[in-house]
Amino acid sequence: MSLYHQFEALEATPIGDGIKTSVWLFPAIEAVHLLALAVLGGAILMLDLRLLGLGLTSHPASSVEREARPWLIGALVVMVITGGLLGLSEALKLYDKPAFWVKMVALAFALAFTFAVKAPLAHRGPGWAARPLAAVSLALWLTVAIAGRWIGFS
Amino acid sequence: MNPGSLASLASVLDLDGVVERLAAQPGSIALHESLYAYTLIETAHVLGVTLFVGTIAMVDLRLLGLAFTRAPVSAMTARILPWTLAGFVLMIITGALLFYAIPVRSFHSLWFRAKLLLMTVAAINIFVFHVRVERDRARWDRSVTPPMGARISAAISLAAWAGVIVTGRMIAYNWFDCDKPQSSFVHVLTGCPAGPAER
């Protein structure tokens with residue numbers, strides 16, 4: 001089965017179809033997606049600002065990372081679930097949108113960078129790498145957010 | 001204030017006339033009809049909201065004793081709230097431009113009106129926090145869980161700004177627009193003129 005047909009099958013699932021045919025489900029899920037975006041943005045900024053030498057400079061980056069992590073992960077879980085539900089309801093539309101694929105690729109990079117590179121280095125003491133780490137993180141997450149908003153426009 | 005006196009206040013201020021004149025301005029028409037400007041401004045608006053609500057939420061979570069409990073509350077307000085302010089400026093400028101692009105419809109939007117109401121609640125909450133709740137902060141600056149008053153302020157803030165995000169997103173949906181059939185209750189809240197208004 002081609003990827004296109006898999007997307008077609010996703011949209012035909014009862015959940016995808018139910019959200020698509022409901023007047024208020026899509027907007028309601030979208031609103032929760034945005035609420036989680038605010039929390040995610042806040043949690044990411046706490047560490048990135050600290051790495052930039054701004055924000056909570058009285059505390060080590062490792063402490064800021066540890067305190068922000070539950071909110072970062074919690075917001076990510078909500079965003080992935082609500083984003084997945086929104087995607088199911090319009091899977092075929094997404095398949096044809098470059099913005100969607102840009103968002104997914106950027107998201108994969110952002111997640112890998114955040115958990116495999118930025119967090120471990122924040123604990124080890126990032127040294128000279130602190131600012132570049134924050135800059136790459138902000139660039140990746142901004143790409144995810146902007147491409148996400150662009151799905152609705154393109 | 002009952003809806004009747006609100007309606008008469010609106011007629012004295014002639015807000016309908018104001019938004020009609022705004023909609024007729026070349027700048028408003030240009031934004032409305034633009035291919036990219038409106039969408040770029042809306043994207044910047046979402047980023048401004050994320051910066052603003054995201055950072056204010058982190059301060060609120062600290063006040064609730066749920067995050068960054070090792071940091072004094074004063075460190076959070078001194079080091080994080082400037083970024084909240086930056087988000088606020090971006091959010092208000094882009095938000096005003098979005099309103100300017102579609103003034104008449106936005107003015108009569110049930111969701112836009114609910115959003116302004118929630119923003120007023122949030123603003124009053126901030127005022128009360130600064131003049132009353134924060135007054136004895138020195139006593140609980142380093143407490144993991146600040147006193148009840150501070151936690152209530154934080155909870156109101158989180159709820160009000162969450163409501164602002166939800167009602168703000170709903171402005172895009174036309175369920176309660178003036179050109180849709182409206183119950184008399186919704187009609188009072190939207191203040192729609194007799195004829196359709198879509199600008």
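**Exercise 1. Work out whether Arg139(B) is buried or exposed, and find its salt-bridge partner.**

Start with accessibility: Arg139(B) comes out at 67% relative accessibility, so it counts as exposed. The cut-offs here are under 20% relative accessible area for buried, over 50% for exposed, and partly exposed in between, with a 1.4 Å probe and protein chains only. Next, the partner: Arg139(B) forms a salt bridge with Asp136(B), and their closest N and O atoms are 2.6 Å apart. That label needs a side-chain nitrogen of Lys or Arg within 4 Å of a carboxyl oxygen of Asp or Glu. Finally, Asp136(B) sits at 29% relative accessibility, so that residue is partly exposed.

A quick note on the input: this is a predicted model, where local features need pLDDT of at least 70 and side-chain atom pairs count only at pLDDT 80 or more, while totals for chains, interfaces and linings use all residues. Residues are numbered from 1 along each chain as its sequence is written, chains are lettered from A and ligands numbered from 1 in the order written, and side-chain values use heavy atoms, leaving out hydrogens and water.

**Exercise 2. Find which parts of chain B the salt bridge between Arg105(B) and Asp177(B) ties together.**

First, the geometry: the two side chains meet at 2.7 Å, N to O. Arg105(B) lies in helix α7 (residues 103–107) of chain B, and Asp177(B) in the loop between α10 (148–170) and α11 (184–190) of chain B, so the pair ties together parts 72 residues apart in sequence. Helices are DSSP runs (H or I, at least four residues), numbered from the N terminus. Now the burial: Arg105(B) is buried at 16%, and Asp177(B) is buried too, at 13%.

**Exercise 3. Trace the salt bridge of Glu42(B) to its partner and say where each residue sits.**

The partner is Arg149(A), at 3.1 Å, N to O. This pair crosses between chains, from helix α4 (residues 37–63) of chain B to helix α7 (residues 130–151) of chain A. Glu42(B) is buried at 18%, and Arg149(A) is buried at 17%.

**Exercise 4. Give the salt-bridge count over all chains, and name the residues of a network in chain B.**

The count comes to eleven over all chains. As for the network, salt bridges link Glu134(B), Arg137(B) and Asp141(B).

**Exercise 5. Place Asp48(A) and list what it touches.**

Asp48(A) belongs to helix α3 (residues 25–51) of chain A. At 0% relative accessibility, Asp48(A) is buried. Leaving out residues up to four places away in sequence, Asp48(A) touches Lys118(A), Ala134(A), Ser137(A) and Leu138(A); contact means heavy atoms within 4.5 Å.

Terms used:
Helices (H or I, at least four residues) and strands (E, at least two) are DSSP runs, numbered from the N terminus.
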